[in-house]
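Here is a short note to read beside the structure. Keep the viewer open and find each residue as it comes up.

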Amino acid sequence: SSEYLLCLINDLLDIAKIDAESMAFDPENFKLDLLIKEVYAFFENQYNKKGVLLEYTIATNVEFIYADRFKCKQIMINLLSNALKYTPGNGKVSIEVSLEPDNVLFKIIDSGIGIKKEYLEQIFTEFFQPDQSRDRALGGTGIGLALAKRLVEMHNGKIGVISEPENGSIFWFALPMQY
């Protein structure tokens, strides 16, 4: 309970810092595979415990990215936490990283419960929960996706979701290539 509360407080403080334009932004050039492997290692036990397969692929033409490493990790953690919450045991979550002409594209693809079409536009809004009783029971606060969106926007990137009920979700974000 205390860890959950600490995470919620930290997420709210991060949103307040972004709103006040006082959040540090420290871009650097770093290897993408190291970030993905670090995030994978962070979640591996949690996914195994629930019986959800976690895998990743990184396109061979993507090696480095210029971005805020800590914030990229935070985006990935928020998206992978949601994927774990909403994917039943024996499900699957994939991380895919590819290169587009001007962006590095990250996808979190899950075989979870999916999202109704009428909720897709609101899903990145603070405190929005499509099914409040279910979402709270699973440990959701409605803040993680909103924070992920703001962190992506700090990078001048874009974030979105493609989903249907019972057919899983694809949460994606694209960060511009900078050198």
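1. **A contact at D68.** Start with the side chain of D68: one of its polar atoms lies 2.8 Å from the backbone nitrogen of D26. Please keep in mind throughout that this is a predicted model. D68 itself lies in strand β3. Is D68 buried or exposed? At 3% relative accessibility, D68 counts as buried, because the cut-off for buried is under 20%.

2. **The company D68 keeps.** Which residues does D68 touch, if we skip those up to four places away in sequence? They are A24, F25, D26, P27, F30 and H155. D26 therefore turns up in two ways: D68 touches this residue, and the backbone nitrogen of D26 is the atom at 2.8 Å. D68 also has a part at the start of helix α3. There, a side-chain oxygen of D68 comes to within 3.1 Å of the backbone nitrogen of F70.

3. **Helix α3.** This helix covers residues 69-86. Does its length make sense? Its 18 residues, at 1.5 Å a residue, should span 26 Å. The C-alpha atoms at its ends are 26 Å apart, which agrees. α3 is also mostly covered, with 13 of its 18 residues buried.

4. **The largest nonpolar core.** How many residues does the largest nonpolar core have? The count is 42. Y47, M76, L80, F106 and F173 have the most contacts inside it. Several elements each supply at least two residues of this core: α2, β3, α3, β4, β5, α5, β6 and β7. α3 gives the most, with 8 residues. As background, nonpolar side chains tend to be buried together in soluble globular proteins.

5. **Y47 in detail.** Y47 is buried, and its relative accessible area is 0%. Which residues is Y47 in contact with, leaving aside neighbours within four places in sequence? The list is V52, L53, L54, L80, A83, L84 and V93. L80 deserves a second look, as L80 and Y47 are both among the residues with the most contacts inside the largest core.

6. **Aromatic pairs.** The count comes to 5 aromatic pairs. Take Y40 and Y56 as one of them: their ring centres are 5.4 Å apart and their planes meet at 65 degrees, so the pair is edge-to-face. The cut-off for that label is over 60 degrees. Y40 lies in helix α2 (residues 32-50) and Y56 in strand β2 (residues 53-58), so this pair ties together parts that are 16 residues apart in sequence. Y56 is partly exposed, at 30% relative accessible area.

7. **A pair within one helix.** F43 and Y47 have ring centres 5.9 Å apart and planes at 85 degrees, so this pair is edge-to-face too. Why are the two separated by about one helical turn? They are 4 residues apart in helix α2. In general, an α-helix has 3.6 residues a turn, so residues three or four places apart point the same way. F43 counts as buried, at 1% relative accessibility. F42, F43 and Y47 form one aromatic cluster.

8. **Strand β7 and its partners.** Is β7 largely enclosed or open? It is largely enclosed by the rest of the structure, because 6 of its 8 residues (169-176) are buried. Strand β5 (residues 103-110) runs antiparallel to β7, and 8 bridges join them. One of these places is N103, whose bridge partner in β7 is P176. Strand β6 (residues 158-163) is also antiparallel to β7, with 6 bridges between them. K158 stands opposite A174 in β7.

9. **Positive phi values.** Most residues other than glycine have a negative phi. Look, then, at the following cases. E166 takes a positive phi near 70 degrees in the hairpin of β6 and β7, which has 5 residues between the strands. N90 has a positive phi of about 70 degrees and sits in the loop between α3 and β4. N156 has a phi near 60 degrees and is found in the loop between α5 and β6. Are N90 and N156 buried or exposed? N90 is exposed, at 78% relative accessible area. N156 is exposed as well, at 63%.

Terms used
Residues are numbered from 1 along each chain as its sequence is written. This is a predicted model: local features need pLDDT of at least 70, side-chain atom pairs count only at pLDDT 80 or more; totals for chains, interfaces and linings use all residues. Side-chain values use heavy atoms; hydrogens and water are left out. Rings of Phe, Tyr and Trp (its six-membered ring) pair if their centres lie within 6.5 Å; planes under 30 degrees apart count as stacked, over 60 as edge-to-face and the rest as tilted. Buried means under 20% relative accessible area, exposed over 50%, partly exposed in between (1.4 Å probe, protein chains only). Two strands pair if DSSP finds at least two bridges between them. A nonpolar core is a set of buried Ala, Val, Leu, Ile, Met, Phe, Trp, Tyr and Cys residues joined through side-chain atoms within 4.5 Å. Contact means heavy atoms within 4.5 Å. A polar contact is a pair of N or O atoms within 3.5 Å; within protein, one must be able to donate a hydrogen and the other to accept it, and residues adjacent in sequence count only if both atoms are side-chain atoms. The expected span of a helix is 1.5 Å times one less than its number of residues.
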